[in-house]
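Visitor: Could you pick one strand here and take a close look at it? I'd like to hear what it pairs with, and what goes on around the turns at its ends.

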Amino acid sequence: MATFIKQLQIRWSDLDANAHLRHSVYYDWGAYCRIEFLLEHGLSTTKMHELRIGPVLFREECVFRREIRQEDQVTINVELTKARKDFSRFSMRHTIVKNGDTVAAIMNLDGAWMDTEKRKLATPPELVVNTYDVMPKSEDFEWLNP
């Protein structure tokens, strides 16, 4: 898959006293984009519960480059930047773009999969592997050693 991009909607409640986007909204948008990708590939929260598996984040950071205001048109993408071959560990990047050509923020995160019964990190099942295998990969993507 070459790209996965979602259009975002800015709500009045997303704005702060300076009339630009609150910082926590960026993180919400990242989660939204990741879950939309999983849903479009058959990995719903219901399916994750059935498989007794769930994603966990170790680190999530956002670099803010340009302010976003209510009238801006905003998109977000998702791409893998690093992963183990079994996708038990992974890193992703979201680029948030406003008005088609201005990078407003870049989010990076590191995560893994957890067995939700044992509450321990785990190797994900085939559906997760197949889903992550088709996720767009960044130009600087690298495979991690086990």
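Guide: Let's settle one term before we start: two strands count as paired if DSSP finds at least two bridges between them. Also keep in mind that this is a predicted model.

The strand I'd pick is β5, which covers residues 89-98. Nine of its 10 residues are buried, so most of the strand is covered, going by the cut-off of under 20% relative accessible area.

Now for its partners. Strand β3, residues 74-77, pairs with β5 in the antiparallel sense, over three bridges. In β5, the residue standing opposite Ile76 is Ile96. Strand β4, residues 79-84, also runs antiparallel to β5, with four bridges joining the two. Here you can look at Ala83, whose bridge partner in β5 is Phe90. Then there is β6, residues 102-115, again antiparallel to β5 and joined to it by 10 bridges. One place to check that pairing is His94, which has Met107 in β6 as its bridge partner. While you have the strands on screen, a general point helps: in a regular strand the side chains alternate between the two faces of the sheet.

On to the turns. The hairpin of β5 and β6 has three residues between the strands, and Asn99 takes a positive phi near 55° there. In the hairpin of β4 and β5, four residues lie between the strands, and Phe87 is the one to click on, with a positive phi near 60°.

Stay with Phe87 for a moment, since there's some ring geometry to go with that backbone angle. Searching the whole structure turns up nine aromatic pairs. Take Phe87 and Trp143: their ring centres are 5.7 Å apart and their planes are at 65°, so this pair is edge-to-face. Phe87 sits in the loop between β4 and β5 while Trp143 belongs to strand β8, residues 137-144, so the contact ties together parts that are 56 residues apart in sequence. How do the two compare in burial? Phe87 counts as buried because its relative accessibility is 1%, whereas Trp143, at 35%, counts as partly exposed.

That pair also belongs to a wider group, a cluster in which ring pairs link Phe87, Phe90, Trp113, Tyr132, Phe141 and Trp143. Phe90 is the residue we met as the β5 bridge partner of Ala83. Phe141 has something else to look at: the charged end of Lys137 sits over its ring, 5.9 Å from the centre.

Conventions:
Residues numbered from 1 in each chain as written. Predicted model: local features only at pLDDT ≥ 70, side-chain atom pairs only at ≥ 80, totals over all residues. Heavy atoms only, no water. Buried < 20%, exposed > 50% of the residue type's maximum accessible area, 1.4 Å probe, protein only. Phe/Tyr/Trp six-rings, centres within 6.5 Å; stacked < 30°, edge-to-face > 60°. Lys NZ or Arg CZ within 6 Å of the ring centre and 35° of its normal.
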